[in-house]
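Here are a few short exercises to work through with the model open beside you. Try each task before reading its solution.

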Amino acid sequence: MAQKKYLVAIDTKDVEHAIVAPENHLSLTRIVEGVIAISPEDAAAMSAVAFSKSKRASGSKDELIVKAFQYFSASFAKMKDEELLAFRDAVISVAYVNIKSSSEEDSYTIFEILNARGIELEDHELLKNYIMRYIHPIEKRDDAKQVWSEIEATVGSNMKAFLRHYAIQKYRLGQGDKDGAYKKIRDFTDPKKAADLLYDLRLKAGYYAEIVEPTSDDRNAEILSFLRTHNVRVFRPLLMSLMHAREIEQLTSEQYDDAIGFIYRFYICYKIIGGMESNHLSDSIVKHSYAIELNCTQQVLDEWKNSFNEKLPSEETFRINLLSLGWSHSWPLYSETKLKDRCKLVLALLEELKSGVRVSEAFTIEHILPDSQAQENSIIGNLLMLEERLNAKCKDKSLKEKLPIYAESRYATTRAFAKRYANGCFDVKKRVDFIAKDLFEMVIH
């Protein structure tokens, strides 16, 4: 019972109250009361895990509370007596203040005052408080709370990223804005238009959810899934602005599709081939996502695309990087699966640019000259897209024997290869030059 004085407080009417007893987490109350009541003998005979499980009131709700108790119990067991006493003294020296407001209006004011004094809060908590404070008439606050709950449910665990990307595309939040998304939004929002801000957030949250988890079944969804799979987040402000422009009919469906396709083509050339870092695009994305959100005209779109194209590596850099890109089972330098994936992306992009038809089906990589004969035969200049059934026919055949098989392919680039090299004068490195030139010119223009 020696620990009881640290777990229970007595009010002015001599009524005992558990100090830590949140209404929504009965397991914590049961653990505290159990610690007070358990005898030393029973405590010695029962593990912390078994004790905490016996006091658990909810199968899933209080899982973290139970794990926390188990963690601290195990940590205390390793401490020396003087360490335990020091830890105890540190805990009981903590002061807890419960502030109650007489009105909802006052509660929002108190919230802001406390935050201004250094209490760390998330941007979304601050923004919610700001919006609720300025929603008028007051009778609309319950509706506003429902809308905010919808926003939280829509973006889920991506709330922090969503607000930052929202602030970029709506308020031009840049890398130099050290105060973060909330202050940027607050400083550029008229309090009288808090409701407009709230409903715009809900609209953009829907876009963001589609960006993170595409639900449609089209080429744009494939591209969004590709960006998610490759953990590419830098384009999200731009994507929200483009989605909004399409919804308010500043963009046609064709213009929107072209814009999403441009992002995909640009990323492959910029990152997959060029090896450049996406964070170097941040300033440009801030500028152009904001401009598109403000008024999406053809001139604004052209300026954005030209800005991105200027950031692509030179044609010579394309060529040099492609010379080092390849895949092979025979040579360890080119054997990684991610290299195979990169080669497929480049080959598919080249096919789509040449044929105007998207590549949606699976295909195999064909080595024109046997990769086992030379490491140079691993690089992309020696690779072709080919259907699996045709690839099987090419096994152990010479280039001359393969050409008629390539001519049967559905892929335009593979058929063009068969026609171009009908005379058999094929050079792997020279084909890299052709690929670099084609990609550079078609992506830029």
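**Exercise 1. Find the accessible surface of the protein and the share of it that belongs to carbon and sulfur atoms.**

Solution. This is a predicted model, and its accessible surface comes to about 25,100 Å². Carbon and sulfur atoms account for 51% of that surface. To round off the overall picture, buried residues make up 38% of the 445 residues. The protein has 23 helices and four strands. Among contacts between residues at least 6 apart in sequence, 63% join residues at least 24 apart.

**Exercise 2. Work out which elements give two or more residues to the nonpolar surface patch.**

Solution. Start with the members: Tyr71, Phe72, Phe87, Val91 and Ile92 form a nonpolar surface patch of about 480 Å². Next, place them on the elements: helix H5 (63-77) and helix H6 (81-92) each give two or more residues. H6 has the largest share, with three residues. Finally, look at one member, tyrosine 71, which is found in H5. Its relative accessible area is 54%, and exposed means over 50%, so tyrosine 71 is exposed.

**Exercise 3. Decide how H14 runs relative to H15: roughly parallel or roughly antiparallel?**

Solution. Two packed helices are described by the angle between their axes and the distance between the axes. Helix H14 (residues 236-247) and helix H15 (residues 253-273) pack at about 170 degrees, with their axes 10 Å apart. Angles over 145 degrees count as roughly antiparallel, so H14 is roughly antiparallel to H15. Now find the residues that meet: H14 brings Leu238, Leu239, Leu242, Met243 and Arg246, while H15 brings Tyr256, Ala259, Ile260 and Ile263.

**Exercise 4. Is lysine 204 buried or exposed, and which residues is it in contact with beyond four places in sequence?**

Solution. First locate lysine 204 in helix H12 (residues 194-212). Buried means under 20% relative accessible area; lysine 204 has 0%, so it counts as buried. Leaving aside neighbours within four places in sequence, lysine 204 is in contact with Phe162, Tyr166, Gln169, Lys170, Met240, His244 and Glu293.

**Exercise 5. Describe the surroundings of tyrosine 171.**

Solution. Tyrosine 171 sits in helix H10 (residues 159-171). With a relative accessible area of 13%, tyrosine 171 is buried. Not counting residues up to four places away, tyrosine 171 touches Tyr166, Lys184, Ile185, Phe188, Thr189, Leu197 and Tyr290. For the last of these, compare sequence with space: tyrosine 171 and tyrosine 290 are 119 residues apart along the chain, yet their C-alpha atoms are separated by 7.0 Å.

Conventions
Residues numbered from 1 in each chain as written. Predicted model: local features only at pLDDT ≥ 70, side-chain atom pairs only at ≥ 80, totals over all residues. Heavy atoms only, no water. Patch = residues over 30% accessible without salt bridge, like charges linked within 9 Å, V, L, I, M, F, W, Y side chains within 5 Å. Areas by Shrake-Rupley, 256 points an atom, 1.4 Å probe, with all protein chains shown as cover. Salt bridge = Lys/Arg side-chain N within 4 Å of Asp/Glu carboxyl O. Buried < 20%, exposed > 50% of the residue type's maximum accessible area, 1.4 Å probe, protein only. Axes fitted to C-alpha atoms, helices over the stretch in contact; angles between N-to-C directions. Parallel < 35°, antiparallel > 145°, perpendicular 65-115°, else oblique. Contact = heavy atoms within 4.5 Å.
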